[in-house]
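Hi,

Here is the structure I said I would pass on. Have a look at it first, and then read my notes underneath.

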Amino acid sequence: TLPTGWAWTNGAQSVGNVGSNTFTANFTPADTANYNTVSNVNVTVTVGKKAATVTANNKAKTYGDEDPALTATVDGTIGTDTINYTLSRAEGENVGEYVITVTLGENLNYAVTITGTATYTINQKAVTVTPEDKAITYGDDDVTLTYVATGLVGEETLTGITLMREDGTNAGTYTIRATHNDALDLNYAVAIADTGVYTIQKKANTINTDSIVKEYTYSGRNFTVEGATALGDGIISYENNVVKEAGSYTVIIKVAEGTNYLAAETTIDVAVKETTPVRDDESGMSTHGKIISVENAQEGTSMTEIFKNAKEDESESKEIIATIDTAKIVFNEAAIEEISIADEVEFKFNVIYVDESEPIEIAALKDAEIIVRVSLSEGITFANGKATITIDLKEEIPDKKIGKVYYVDAEGNRTDMNAMFADGKVTFETNHFSDYIVVFENEGLSGGAIAGIVIGSVVLLLIIACAVLFILNKKGIIHIAFIDRVMKK
């Protein structure tokens, strides 16, 4: 600014850059009547640097994002003047804080001051972790648990995730849970979004029928087909598994769904073979085990007529003898009297010699050497009579074995028939017909032998007692009169 009266020759001219510059000025006195105007007077102007400040701005970004441009705030410049400076930050791309540095360039007209401290912050990137559902079939090896991470940068992976599922090996569903170790994966803010489901599916079941007997021989009794096995704890059930008559049967076997196995179903074919008769001879009556002959009866005569004719017979000794090639039955007079009352008599006589290659499946008959089946028409009895049955033995009774004949009732209970074994035959008497078996049992002590052992033991004890008393008497401990009293008693 010039003093009063002075004016720059070129008032629009700038004082210029820092330094000393010469300009011209004109002086006009206030009293122009007495003083002259002075023009183009040289004036030297010294220009100093102007104070200015540069302050870097804080910056932030999320891990993995592009770097934002660094900026600063400049104060103190005139007009469109600019300050010459550069900005940089400390190196690093991981989450954290980095210092922003201002570096000044050459600024002729300004005395520039850097103010403040700026920070460049890289924040954690949000990542969501979701365990994936898994499924296996019961009995299979466990599969590796996996997860989906949403929000990772490029091909990066997480190292701090742990996956686990609820304990359990049975079929069912189990929760999969994820946890994160916050000391790892520092560039990410990890959030567990949900749980997964680990499913153990039930396994297809298999029904094993290898141990089931699939072929039987007709015996007049029901056979129950059973013995199937399956995996797991499912209940096994059967349909159409009770068979009796000769023929072919389809048995349905089912196993219910269990803890770890699915339901299953299968079928097997079961055959009941006809009983092989002792002899296949067309003479006489036939059912199972054909009757070869009835003594004193004409060929073709029915059993009804045979019994009625025998009743009418006036012989002193009445009996009917029915014979097959390995056995015979003799009915006495009392039996004939009772049986002949019936309007119709059907008589069945079957002797089965058990073949070890075709074992009997009925528990009560398993140890039988011979099975004898004798029956009359339903309702016919001869409780007051007697039938004597004699059967040929196919082999001698083994050493240390004894022969027995048992009546076997419908529940499998046995009654000893007190049979006689002699000359390669077995004979027993009965007043009712049913199933009988011939068995060879381990030899045991007879009733007489047991009685002998008991009596011998008692005598031995008496002898020992007498000896002890005699010794005591000799020693004066007890008088022999005591023994006399004992013996008198």
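Below is what turned up when I went through it, from the whole chain down to single residues.

First, a caveat: this is a predicted model, so please read everything here in that light.

**The whole protein**

The secondary structure amounts to four helices and 36 strands. Of the 489 residues, 29% count as buried. The accessible surface is about 29,600 Å², and carbon and sulfur atoms account for 49% of that. If you take the contacts between residues at least 6 apart in sequence, 57% of them join residues at least 24 apart.

**Strands and sheets**

One sheet to pull up is an open one with four strands in the order S19-S25-S24-S22, and its pairing is mixed. Strand S19 (215–217) and strand S22 (236–239) are at the edges with a single partner strand each, so one side of each has no neighbour in the sheet. On average, neighbouring strands here are turned by 30° against each other, ignoring direction.

Inside that sheet, S24 (residues 247–255) and S25 (residues 264–273) are antiparallel and share nine bridges. If you want a pair to click on, Val 251 has Ile 268 in S25 as its bridge partner.

Elsewhere, strand S11 (residues 125–131) has two partners worth a look. With strand S16 (residues 188–192), S11 runs parallel, joined by five bridges, and Thr 128 sits opposite Ala 191 of S16. With strand S13 (residues 147–150), S11 runs antiparallel, over four bridges; there, Pro 131 has Tyr 147 as its bridge partner. As a reminder, strands of a sheet pair through backbone hydrogen bonds, in either the parallel or the antiparallel sense.

**Helix H1 and the cores**

Which residues of helix H1 (residues 303–312) are buried? They are Met 303, Thr 304, Ile 306, Phe 307 and Ala 310. Looking down the axis of H1, these buried residues fall within an arc of 170°, so they line one face of the helix.

The largest nonpolar core has 38 residues, and the ones touching the most other members are Ile 329, Phe 331, Phe 347, Phe 349, Ile 391 and Phe 433. Phe 331 is a handy place to centre the view. Leaving out neighbours within four places in sequence, Phe 331 is in contact with Phe 307, Ile 320, Ile 336, Ile 339, Phe 347, Ala 387 and Phe 433, and also with Lys 318, Glu 319 and Lys 386. Remember Phe 307 from above: that residue is among the buried ones of H1.

Another core, of 25 residues, lies apart from this one and includes Tyr 216, Val 251, Ala 368 and Ile 437. Val 251 is the residue bridged to Ile 268 in the sheet part of these notes. In soluble globular proteins, nonpolar side chains tend to be buried together.

**Two backbone oddments**

Two asparagines have a positive phi. For Asn 40, phi is near 55°; this residue is found in strand S3 (residues 38–47) and is exposed, at a relative accessible area of 52%. For Asn 418, phi is near 50°. Asn 418 lies in the loop between strand S33 (414–416) and strand S34 (420–422), and also counts as exposed, with 63% relative accessibility.

Cheers

Note on methods. Residues numbered from 1 in each chain as written. Predicted model: local features only at pLDDT ≥ 70, side-chain atom pairs only at ≥ 80, totals over all residues. Heavy atoms only, no water. Pairing = 2+ DSSP bridges. Axes fitted to C-alpha atoms, helices over the stretch in contact; angles between N-to-C directions. Buried < 20%, exposed > 50% of the residue type's maximum accessible area, 1.4 Å probe, protein only. Arc of directions from axis to C-beta. Contact = heavy atoms within 4.5 Å. Areas by Shrake-Rupley, 256 points an atom, 1.4 Å probe, with all protein chains shown as cover. Core = buried A, V, L, I, M, F, W, Y, C linked by side-chain atoms within 4.5 Å.
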